[in-house]
Amino acid sequence: MKHPIRAALATATAAALTGGLLTLATAAPATAAAAKYADDFNGDGYRDNAVFSYGTETVYSKGGGILVTFGTANGPGTKTQFIDQASAGVPGADETDDYFGEVRTAADFNKDGYGDLAVSANGENVGKYKDHGTVTVLWGGKKGLSGGTTVPFKGAKGASGLAADLATGDFNGDGNQDLALVRDSKTYVYRGAITKSGVKGSVTVLDKDGSSFYSTAVISGKVDKDGKTDLVIIGDVVTDTTLASDAWFISGGKSKLYPGKTLRLESVKSNGGQAERGGDGVINDFNKDGYGDIAIGTPIYDKAKGRVTIWYGAASGPAKSARFTQSTSGIADTPETYDAFGDAITSGDVNGDGYRDLAIAAPGEGLNGKAEAGAVHVLYGGKSGLTAKGSQFLTRNTAGVPGELSTGEYFGHTLRLRDTNRDGKADLYVIGENGSVLLRGSSKGVTTTGATVVDGDTVRGMLQ
């Protein structure tokens, strides 16, 4: 998922961190059956973590690759694997600035019980086109990821092949995992089956022809109850007078995808011109009504004070919406320029009550005279959906959180909620420039009791 404000913050601090936010859990694992977890690459029943990396202490990659940390019963373990374009069976070659694996998403595409990983190589040269970009599916197996299959390029001749974002899901309900990708300001959906021998299904192009809408990111999940995965496309809307971000709902369907409602996320006056605004998003059920709810952060909103929009699911697709900022009653602190509230969001059931909760980063938050120290808010789900009542505010100087409050840390610029100890409560992983911490979930919410320092690369490798 794209993080436009994070890129701006990273320029100021010379630190850029990215991470995917979407996975798909499918049927229970068995021989010749789909993997239970899309990111269980070795099929042992535990979720694995895949992060963009330039190698290990013994292996250096010029163009980048994937560092996998294999999961255990207690979360990420110590066993790792590195795979790049120099690895056997992977298309292409290890070349400088290929950025192989920088954008990625997981699914068991060939339904063999092992999770697979679709990755971009946005610096890959293709024929006469420099930095044209490719997408490759790396195949899971007993020993982890190995080999790969190139996803064929679809688009106008000479158009950019750079993959700005990736998402997966069974959009037509045929039992095969499909792949959605943003490329050249449009969204392409590759229908399954996607196998080691190639991509055999049709390709749907989603674009608001003749409009000023330009795709920047995609979110997948089940919003209605028809059993098919739905898609939300986030896009820039550029006119002579405004710059805006919209969320465009696309309903899954047996024979085709059905474009639906559009929700305006934010807008500013402009003299025209392209400027990526976008947002970060997840789909989860915050009110436990069986419909997936769409949460999108727009950190650039109102001079980068930031805002989070919730678009609640219903039988006919998303319906009512709600907005949260740091001026919402019950949410700590106040909105300030460059707080970037909503720059990263992640969802999970923190307190085990069956309602999904939402963690929201404000990495530009200044505290106690420390500019850009960063903070994290946690909002809890309930019968009426997400509420600010009882929300939590977590920083480096929260009692029990390891580390010291410091200028320019951007605490929370990367977040993950994941139940790594399998106690039925999602744990909160938080990355800052000065290290990463694990805060456990509990019946009373996120607790700092037993908080521990964890490896940042491992956290970035977690797919939601």
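A residue is called buried here when its relative accessible area is under 20%, exposed when that area is over 50%, and partly exposed in between. Keep that cut-off in mind at every stop of this tour through a predicted model, since aspartate 427, with a relative accessible area of 0%, is buried by it.

**The whole chain**

Begin with the whole chain in a cartoon view, where three helices and 29 strands can be picked out. The C-alpha atoms fill a box of roughly 55 × 50 × 45 Å when the box is taken along the principal axes. For 464 residues a compact globule would have a radius of gyration near 23 Å, and the 21 Å of this chain agrees with that. If you colour by accessibility, buried residues account for 58% of the 464 residues. A contact map adds to this view: among contacts between residues at least 6 apart in sequence, 54% join residues at least 24 apart.

**Strands β15, β16 and β17**

Next, select residues 242-251, which make up strand β16. Nine of the ten residues in strand β16 are buried, so the strand is largely enclosed by the rest of the structure. Extend the selection to strand β15, residues 230-238, which runs antiparallel to β16 and is joined to it by eight bridges. The connection from β15 to β16 is a hairpin of three residues, and within the pairing leucine 231 stands opposite isoleucine 250 of β16.

Now add strand β17, residues 258-269, which pairs with β16 in the antiparallel sense over nine bridges. Here too there is a hairpin, with six residues between β16 and β17.

Which residue of β17 stands opposite aspartate 246? Show side chains and you will find arginine 264 in that place. The two residues also form a salt bridge, in which the closest N and O atoms are 2.4 Å apart. Arginine 264 belongs to strand β17 and aspartate 246 to strand β16, so the pair ties together parts that are 18 residues apart in sequence. Their surroundings can be read from the accessibility values: aspartate 246 counts as buried at 6% relative accessibility, whereas arginine 264, with a relative accessible area of 38%, is partly exposed.

**Aspartate 165 in β8**

Move to aspartate 165, which has its place in strand β8, residues 163-169. Is aspartate 165 buried or exposed? At 1% relative accessibility, aspartate 165 counts as buried. Draw a distance from its side chain to the backbone of valine 218, and you should find the backbone nitrogen of valine 218 lying 2.9 Å from a polar side-chain atom of aspartate 165.

**The largest nonpolar core**

Then turn to the largest nonpolar core, a set of 19 residues in which Val376, Leu415, Leu428, Leu439 and Val446 have the most contacts inside the core. The elements that give two or more residues to it are β23 (357-362), β24 (375-380), β26 (414-418), β27 (427-432) and β28 (435-439). Of these, β24 provides the largest share, three residues.

Centre the view on valine 446 and display what surrounds it. Leaving aside neighbours within four places in sequence, valine 446 is in contact with Val350, Val378, Tyr380, Gln392, Leu394, Leu428, Leu439 and Arg440.

**Arginine 440 and aspartate 427**

From valine 446, follow the contact to Arg440, whose side chain meets that of aspartate 427 in a salt bridge (2.8 Å, N to O). This pair links distant parts of the chain, with arginine 440 in the loop between β28 and β29 (452-454) and aspartate 427 in strand β27, 13 residues apart. Arginine 440 is partly exposed, with a relative accessible area of 25%, while aspartate 427, at 0%, is buried.

**A network of salt bridges**

Finish with the network in which Asp39, Arg47 and Arg418 are joined by salt bridges that share partners. Within this group, select arginine 47 and aspartate 39, whose side chains meet in a salt bridge of 3.1 Å, N to O. Arginine 47 counts as partly exposed at 22% relative accessibility, and aspartate 39 counts as buried at 1%.

How many salt bridges does a search of the whole structure find? The search finds six, including the one between arginine 264 and aspartate 246 and the one between arginine 440 and aspartate 427.

Conventions: Residues numbered from 1 in each chain as written. Predicted model: local features only at pLDDT ≥ 70, side-chain atom pairs only at ≥ 80, totals over all residues. Heavy atoms only, no water. Buried < 20%, exposed > 50% of the residue type's maximum accessible area, 1.4 Å probe, protein only. Helix = DSSP H or I, 4+ residues; strand = E, 2+ residues; numbered from the N terminus. Pairing = 2+ DSSP bridges. Core = buried A, V, L, I, M, F, W, Y, C linked by side-chain atoms within 4.5 Å. Contact = heavy atoms within 4.5 Å. Polar contact = N/O pair within 3.5 Å; in protein donor to acceptor, adjacent residues only side chain to side chain. Salt bridge = Lys/Arg side-chain N within 4 Å of Asp/Glu carboxyl O. Rg over C-alpha atoms; globule rule 2.2 N^0.38 Å.
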